[in-house]
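Biologist: Hello! Could you walk me through this structure, one question at a time?

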Amino acid sequence: MRLTAEQMEQFRTEGWLLLPELFTPEEVDVLRREAVAIYDQHRPEVWREKNGAPRTAFAAHTYNEAFRLLGAHPRMIEPVEQVFGEHVYMHQYKINAKSAFTGEVWQWHQDYGTWKRDDGMPEPRAMNISVFLDEVMPINGPLMLVPKSHNAGDLKASHDLQTTSYPLWTLDEETVTRLVKEGGIVAPTGKPGSMLMFHGNLVHGSAGNITPYPRKIVYLTLNAVSNYIRTPTRPEFIAHQDFAPIVPVDDDALVRYARSHRQAAE
C-alpha cells in the first residue's frame, strides 16, 4: 500500500494523516478482544492509572500473536517506509486504554523529546502510528494535535513525573499557546480500524475520559533503521533494542488469525 501524492503533501505540511477504516471490523474485533485479555494480566509491561485501571500495555507484539501480526502489517509498514525512504524497525509498541470514566489526561508534549533525551535517538525520523480499536469520538478523550508544529523543532520541555502515571517531557503553556495560534488544534476521530500517522515532533495531548465509552488505541513507533537509538536508558520493553528491519507479513495474515481463533473457540 502506498500513499498518494496528496496524502504525502498533507503529511509534509500538516504533520499528520488519517486513513479511515484501514483495518476491517473482523481484524479489529480480534485485536480488541486480545487487548482486554492483556489488560487483565499482571505483568511488568502493563501499567495502570493511579486508581488501578489499565493505562498502557507495552510490547504486546512480543507476547501476543495478534499484535505481532499487526506490528508487521504491510498496510502500516509500507506507507512509513515510503515517507522515510528506508526500512524501519519497532522502537515502541503500546496499547493505550483511556478507559471509560477513568482515563486520565496526557499533557501536551512531543514524542521525539522523550526519544532523544531518554533513548538517544539522533533525529526525528520515527513515525507515530495509532490504530483505533474503539470508535474515537470528540467526547471520549481523542488525541489532539497542533498542525504544523512539527516544523518547530525539538522544543524545551520539563520532565513531568507527578501529573499522571506515565512520565512525560511536557511543554509549558506559553509554548503551546504560541503554536496553537499558528496552527490551531485538530482532534482526528473515526471508526475502529482507522489509522492515524503523525510526525515525532508534532505537539499533541489528550484530555481525560469521563464518558461511558472506552477509547483503546494501539500506538506504534516505527524508526528508520539508520536512526537507531544510541544511549537507551529505559527498559527494553519500552524502548526496543532489536534494530532489525521489520519483515511485513501477508496482507491477510490478521484475518486468517482471526478466523482460526474463532474456529478454535467454536
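Modeller: Let's begin with Leu-220, which, apart from neighbours within four places in sequence, is in contact with Gly-71, Met-76, Met-90, Gln-92, Tyr-93, Met-127, Asn-128 and Ile-129. Contact here means heavy atoms within 4.5 Å. Please keep in mind that this is a predicted model: local features need pLDDT of at least 70, side-chain atom pairs count only at pLDDT 80 or more, and totals for chains, interfaces and linings use all residues. Residues are numbered from 1 along each chain as its sequence is written, and side-chain values use heavy atoms, leaving out hydrogens and water.

Biologist: Is Leu-220 buried or exposed?

Modeller: Leu-220 has its place in strand β12 (residues 217-224); strands (E, at least two residues) and helices (H or I, at least four) are DSSP runs, numbered from the N terminus. Buried means under 20% relative accessible area, exposed over 50%, and partly exposed in between, with a 1.4 Å probe and protein chains only. Leu-220 has 0% relative accessibility, so Leu-220 counts as buried.

Biologist: Which helix gives the largest share of the largest nonpolar core?

Modeller: A nonpolar core is a set of buried Ala, Val, Leu, Ile, Met, Phe, Trp, Tyr and Cys residues joined through side-chain atoms within 4.5 Å. The largest one has 45 residues, and Phe-67, Ile-95 and Val-218 are among those that touch the most other members. Its largest share, six residues, comes from helix α2 (residues 25-39).

Biologist: How many residues are in the second, separate core?

Modeller: In soluble globular proteins, nonpolar side chains tend to be buried together. Here the second core includes Trp-16, Phe-132, Phe-198 and Leu-202, and its size is 10 residues.

Biologist: How many residues apart in sequence are the parts that Tyr-89 and Phe-243 tie together?

Modeller: Rings of Phe, Tyr and Trp (its six-membered ring) pair if their centres lie within 6.5 Å; planes under 30 degrees apart count as stacked, over 60 as edge-to-face and the rest as tilted. Tyr-89 and Phe-243 are edge-to-face, at 5.1 Å centre to centre and 70 degrees between the planes. Tyr-89 lies in strand β4 (residues 88-96) and Phe-243 in the loop between β12 and α7 (253-265), so the pair ties together parts whose separation in sequence is 154 residues.

Biologist: Which ring does the charged end of Arg-117 sit over?

Modeller: A charge sits over a ring if NZ of Lys or CZ of Arg is within 6 Å of the ring centre and within 35 degrees of the ring normal. The charged end of Arg-117 is 5.0 Å from the centre of its ring, which belongs to Trp-169.
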